[in-house]
Amino acid sequence: MLKLLKHLKKYRIFAFFGPFLKLLEALMETFVPFIMSDIIDNGIKNNDSRLIISRGLLLVGIAVLGWIFAISAQFFSAKAAMGFGLNLRTALFDRILGMDMEEIDRISIPSLITRTTVDVNRAQTGLNMFLRLILRNPFIIIGAIVMSGIINVRVMIIYIIIVPVVSLAFYLTIRFAKPFYGRIQSLIDSISTFCRENIIGIRSVRAFGIQKKEQEDFEKKTAELLGDQMRASRLTALNNPISIVVLNVSVAAVLLVGARFVNSGLILSGSIIALVNYLFQILLSIERTASLVEAFNKANVSSKRIADILCGDAHGTDGHGTGGHGTGGAATKDFEAAAKDLEAAAKDPDGVQRADAGISELPPLPSPGEELIRFDRVSFSYEKNGRSVLSDISFSVRRGSSLGIIGGTGSGKSTLVKLIQGIYLPTEGTVTVAGKDISGCSPEALRKLFSVAMQKAFLFKGSVRENILLGNPAATDEDVARAADASVSTEFISKKPGGMDHIIEYGGKNISGGQKQRLTLARAFIRQAPVLVLDDATSALDYVTEAAIRKYILSGETLSDTKIIVSQRISAVAGCDSIVVLEDGAVKGIGSHRELLESCPVYNEIYLSQTGDLSED
Amino acid sequence: MKRKEKNLSGITIRRLTKLLRRDLWVLAAALVFAAISIISSLYINVAVGRAIDCMVSEGSVDMGGVVNQAVVILVCLAVAAVFNYVMTVMLSRVAYKTVALLRNKVFSKLQRVPVSYVDRRTPGEMISRLINDIEQVSDGLILSFGQLFSGIVTITGTLVFMFILDYRITLIVLLATPLTLLVAKFIADSTYKYFVVQTGDNACLTSVAEESISGISVLKAFSLEDMKRRELRAAGEKLRASQTKAVFFSSTVMPTTRIINGIIYASIGVFGALTVMKGQNLPGGLTIGLLSSFLAYATKFSTPFNEISGVFAEFQGALAGAGRVFEVLDAEEETEKPDAISDLKAKGDVDIRGVAFSYDPSRPLIEDFDLDVREGMRVAIVGPTGCGKTTFINLLMRFYDVERGSISVDGRDIRDITRDSIHSNYGMVLQETWLRQGTVKDNIAIGKPDATIDEIVEAAKLARAHGFIEKLEKGYDTPVSDDLAKLSYGQKQLICIARLMLTSPPMLILDEATSSIDTRTEIKIQQGFIKLMRGRTSFIVAHRLSTIKNCDVIVVMKDGKIVEKGTHESLLSHDGFYRELYMSQNN
């Protein structure tokens with residue numbers, strides 16, 4: 001939480017005034033018993049009704065002042081906390097948008113979403129609570145102790161002893177219950193996962209007739225949860241009795257000691273009443289703090305999750321040694337750092353030192369027929385010294401030509417595509433574009449080179465037209481229509497209510513997978529980039545549709561003159577000028593369809609498996 | 001409308017009470033304990049006042065009296081503490097037990113509802129019922145019921161004690177209390193609209209965040225980060241503004257009730273002091289000590305009211321949650337005819353006559369479907385996406401029942417056979433793989449729990465899954481689950497195929513069973529499949545036509561109808577839809 005406080009920025013002043021005003025309010029509250037004891041000891045005992053009434057008015061005045069302080073404090077705290085939340089969100093988004101895909105995959109997309117939404121909300125609620133409530137209680141405790149000292153120093157010593165004892169008692173019950181809460185949460189998660197799997201796999205569950213077994217396993221989990229919940233509640237149920245006991249034992253003690261002081265004339269009985277009241281204030285505050293600490297813990301967990309992202313560079317430098325948080329390859333890390341510097345520079349145009357000194361734009365692209373992209377003995381692994389996903393890959397793509405990449409699952413196709421786009425940098429070897437090593441190119445410039453359609457189609461909320469236009473905001477209606485035609489989308493778009501203006505919901509929930517993929521293709525087709533990259537982008541389409549789209553891609557009508565097509569299907573790449581055959585991360589052959597059929601056994605096998613007859617054994 | 005709602009919550013409460021009937025006496029006991037605990041801790045205040053009255057002035061303190069009252073305090077606190085503890089544990093026990101009971105019931109219900117029930121809802125929706133709604137029921141109904149009761153007892157007890165002490169000053173408290181409650185209610189009501197705005201803004205931000213982060217690779221590829229950044233910032237700023245308002249206004253409740261309490265406190269102090277002063281020498285009048293007891297009661301008097309109003313909101317939420325849970329529990333279950341056959345051992349003749357089916361009556365899907373399949377035949381079903389292939393499988397397995405026409409196995413209408421019995425006659429591999437939480441071994445043995453490890457390995461070998469399983473950290477004992485990234489989609493599919501290789505049902509269904517496996521591995525599995533299919537009636541749905549060339553009959557579907565039927569050669573020999581499909585794959 002503390003780490004994040006620098007994100008308060010311009011709300012810092014509110015974060016100061018909130019607790020400061022709370023302090024004043026707490027001060028007001030501690031005056032009350034003191035004044036009441038004055039009413040009793042000096043008013044009643046001396047029969048002074050004027051004193052009683054004037055002190056009564058003073059009490060009202062204190063209440064009003066307290067109210068003003070409190071309301072202002074609430075306002076400043078709310079302002080500070082919500083501003084803090086906004087700043088955190090903005091910082092998180094900036095950071096996430098600047099992450100490379102490797103980092104995103106490692107942290108996982110759902111987790112990133114939770115952090116920017118739920119976790120930020122919790123963190124800001126936590127801060128608000130901290131400013132408003134958690135600080136208020138120590139103020140009251142200290143104020144009450146001081147006031148009791150003014151009445152009688154010896155009684156104050158009782159209070160000074162009580163505070164740590166009670167705090168420790170609360171701390172211990174929370175401490176012992178805590179491990180249960182961790183386990184309870186993970187049990188609930190596991191129940192939820194179990195149920196999800198059961199629902200998703202309903203056909204398999206029924207087909208194998210394992211409903212009973214599923215039910216038994218489920219009940220085992222709920223029983224286990226019940227057990228843990230009961231164990232935890234037996235501990236936490238101690239909280240109330242403990243505070244009842246401590247509070248009233250202390251009261252009894254103060255009465256017994258106080259009676260002696262009164263007897264020896266040290267204090268008056270009104271002071272005893274004040275002392276008992278201070279005791280109540282102190283113990284109530286400790287009790288409240290204890291219950292707040294629990295709520296605050298939740299906010300702290302969330303803060304930690306946010307800080308992990310915002311201070312993510314820490315993972316890159318020392319690796320932290322935590323399981324599952326593998327460090328990026330050396331090259332990737334540099335790239336990440338470079339990208340971040342670039343971002344910083346972009347955000348701070350007046351910065352004296354431009355951080356992008358070593359990075360420049362792309363050189364002018366070569367003319368058709370000349371070499372555009374070149375892989376020179378490229379190897380890549382996701383983890384430092386980890387297993388190579390790609391090893392010793394060399395090939396080149398000429399401007400205006402088409403390159404096919406074929407291979408089975410796990411052959412390294414997708415990684416290769418990411419290296420082509422500069423999303424990952426090679427662990428060994430070099431990738432050059434127009435003769436320039438891409439590790440020296442800005443990611444922004446590289447992206448302008450490519451128009452990409454990926455296997456996992458993704459659309460944004462907005463009309464069909466807007467989604468296609470994302471590829472090229474300056475495109476005309478005719479361009480959009482052409483792109484829709486090319487991706488065989490015109491027919492289904494026209495059947496949607498509103499046609500091109502049909503609104504696609506968040507995540508493209510209201511259209512089918514095949515349609516999504518076709519619109520993704522349209523978006524790539526409309527983009528004016530020299531290289532078109534299709535990464536298994538037709539996998540959800542039937543063969544007839546795929547064939548029509550393939551025909552367009554390999555025609556001269558596309559806006560991009562260079563094409564890179566990745567697929568598992570021979571039919572998708574057979575028409576390419578050159579095909580790279582990948583297996584287990586290594587190149588098994590490069591050449592045209594015809595050449596490969598003659599020379600490359602792996603390619604032959606794939607070909608036969610997709611077209612040839614299946615022999616019975 | 002309003003009355004109807006009330007009626008509904010009445011029914012919900014009655015059903016909950018029925019559910020809790022075994023624990024009702026525990027609840028009742030808990031309430032009695034709560035009352036005992038509250039009353040004894042309230043009485044402590046009186047004892048404190050009496051003790052103070054024993055301390056008249058210097059030299060004339062009745063030490064024996066103070067000690068007596070101290071003993072009373074200790075006894076009361078012991079009673080209060082013990083009963084409070086027991087009460088809390090009892091209430092939580094009932095609450096958590098109810099949660100477990102409801103969860104088990106809902107889950108068991110999900111095992112018995114028709115597949116269509118689950119298909120029509122998202123998993124998230126069902127899980128939210130199972131986790132959040134049920135949690136809300138226990139928190140909101142049982143725990144807050146306890147709070148409500150404690151609140152009422154505290155209020156009544158305090159009133160009684162105050163009346164006994166001095167009825168006139170009690171009237172001040174009684175007059176002022178509604179004021180506190182009205183102010184709190186006024187603030188809550190006027191804050192409500194800010195919360196509505198805030199909830200909307202929060203939902204808006206969440207969807208923008210969700211979309212931008214899920215689509216981040218696209219954003220990057222098309223350099224759209226700045227556009228989204230602006231969108232997110234705008235949504236964030238809007239949320240900040242409305243959240244600040246909502247949070248601030250709602251946080252004015254506490255200070256405002258505190259100021260009212262402060263004023264009440266001052267008035268009681270003044271009136272009390274004046275009363276004490278006037279009646280100083282009257283027997284039975286208000287004393288300094290009792291005034292202090294009174295002040296202690298008065299300060300705590302409004303607290304339970306605030307708690308109770310919070311409880312009501314929670315109560316409403318819990319009732320709504322309970323309603324949603326009961327909705328699931330009321331869902332209709334799959335039923336079987338009373339004389340349905342439950343021990344079918346099929347040979348494998350399947351006759352499909354004039355079958356029609358649709359998920360949505362306004363959009364007919366499958367119509368006039370006729371197909372005769374004899375024992376041991378291999379039937380391929382091909383066609384473009386959405387043509388009804390998967391629906392046909394749903395009908396064969398009786399996940400859905402036909403609307404018109406009939407499907408029979410060995411001459412018996414499948415509606416006269418129990419679903420379990422039909423399922424046990426089919427072996428099935430679907431495109432969507434499904435793994436259970438458990439080890440690889442358990443997952444393969446799902447259809448044959450008593451299989452030996454040798455049989456399991458043999459099946460895995462046939463499915464070409466043995467190789468990668470052996471490379472897993474613990475081999476066949478590696479724990480897996482469906483959402484685990486440890487296995488690729490293709491590997492999960494291989495495990496599902498191994499499952500099938502282990503069982504030997506008379507009929508097979510392979511619905512795009514090898515869609516995620518690369519074609520070379522597929523060829524190798526094919527040999528296993530061919531062996532498995534020998535002598536078994538098999539239905540094969542495939543995208544890649546090369547895999548089904550050798551089937552005895554190929555059924556070509558389009559828009560829910562059979563457009564062509566025949567062997568590969570006969571279908572290719574004339575210019576039809578199959579030929580078109582085949583050519584597009586092998587140009």
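# A guided tour of chains A and B

Start by selecting strand 6 of chain A, where both faces are covered: Phe450(A), Val452(A) and Met454(A) are buried on one side, and Ser451(A) and Ala453(A) are buried on the other. Here "buried" means that 20 or more other C-beta atoms lie within 10 Å of the residue's own; 12 or fewer makes a residue exposed, anything in between partly exposed, and the C-beta atoms are placed from the backbone. In a regular strand the side chains alternate between the two faces of the sheet.

Before moving on, a word about what is on your screen. This is a predicted model, in which local features need pLDDT of at least 70 and side-chain atom pairs count only at pLDDT 80 or more, while totals for chains, interfaces and linings use all residues. Residues are numbered from 1 along each chain as its sequence is written, and chains are lettered from A and ligands numbered from 1 in the order in which they are written. Helices (H or I, at least four residues) and strands (E, at least two) are DSSP runs, numbered from the N terminus.

**Stop 1: around strand 6 of chain A**

Keep residues 450-454 of chain A selected. Five of the five residues of this strand are buried, so strand 6 is largely enclosed by the rest of the structure. Now add residues 531-535 of chain A, which are strand 9; five bridges join strand 9 to strand 6, and the two run parallel. Two strands count as paired if DSSP finds at least two bridges between them. Which residue of strand 9 is the bridge partner of Ala453(A)? Click on Leu534(A) to see that partner.

**Stop 2: an open sheet in chain A**

Next, look for an open sheet of four strands in chain A, with the order 2-1-4-5 and antiparallel pairing. Its edge strands are strand 2 (390-398) and strand 5 (436-437), each pairing on one side only. Strand 4 (residues 428-433) meets strand 5 of chain A in the antiparallel sense over two bridges, and Val433(A) stands opposite Lys436(A) of strand 5. Select residues 413-420 of chain A to bring up helix 13, which packs on the sheet and touches strand 1 (371-380), strand 2 and strand 4 of chain A; its direction makes about 125° with that of strand 1.

**Stop 3: an open sheet in chain B**

Over in chain B, four strands form an open sheet in the order 2-1-4-5, with antiparallel pairing. Strand 2 (366-373) and strand 5 (412-413) of chain B are the edge strands. Five bridges join strand 1 (residues 350-357) of chain B to strand 2 of chain B, running antiparallel; in strand 2, Asp372(B) is the bridge partner of Asp351(B).

Helix 12 of chain B lies across strand 1, strand 2 and strand 4 (404-409) of chain B, running at about 120° to strand 1. Is this helix mostly covered or mostly uncovered? Select residues 389-396 of chain B: seven of the eight residues are buried, among them Phe392(B), Ile393(B) and Leu395(B). Following helix 12 comes Arg398(B), whose phi is positive, near 60°.

**Stop 4: Tyr476(B)**

Stay in chain B and pick Tyr476(B), in the loop between helix 16 (466-471) and strand 8 (479-480). With 19 C-beta neighbours inside 10 Å, Tyr476(B) counts as partly exposed. Leaving aside residues up to four places away in sequence, Tyr476(B) touches Thr439(B), Val440(B), Lys441(B), Ile456(B) and Ile469(B). Residues are in contact if their C-beta atoms, placed from the backbone, lie within 7 Å.

**Stop 5: where the chains meet**

Show both chains together. In contact are 126 residues of chain B and 125 residues of chain A. Which element gives the most to the side of chain B that touches chain A? Helix 3 (residues 63-112) of chain B does, with 23 residues.

Now add helix 9 (residues 239-263) of chain A: the axes of this helix and helix 3 of chain B come within 8 Å and cross at roughly 175°. That makes the two helices roughly antiparallel, the word for angles over 145 degrees, while under 35 is roughly parallel, 65 to 115 roughly perpendicular and the rest oblique. Axes are lines fitted to C-alpha atoms, for helices over the stretch in contact, with angles from 0 to 180 degrees between N-to-C directions. Residues making this contact include Ile244(A) and Leu255(A) of helix 9 and Leu74(B) and Tyr85(B) of helix 3.

Technical notes:
Two residues are in contact if their C-beta atoms, placed from the backbone, lie within 7 Å.
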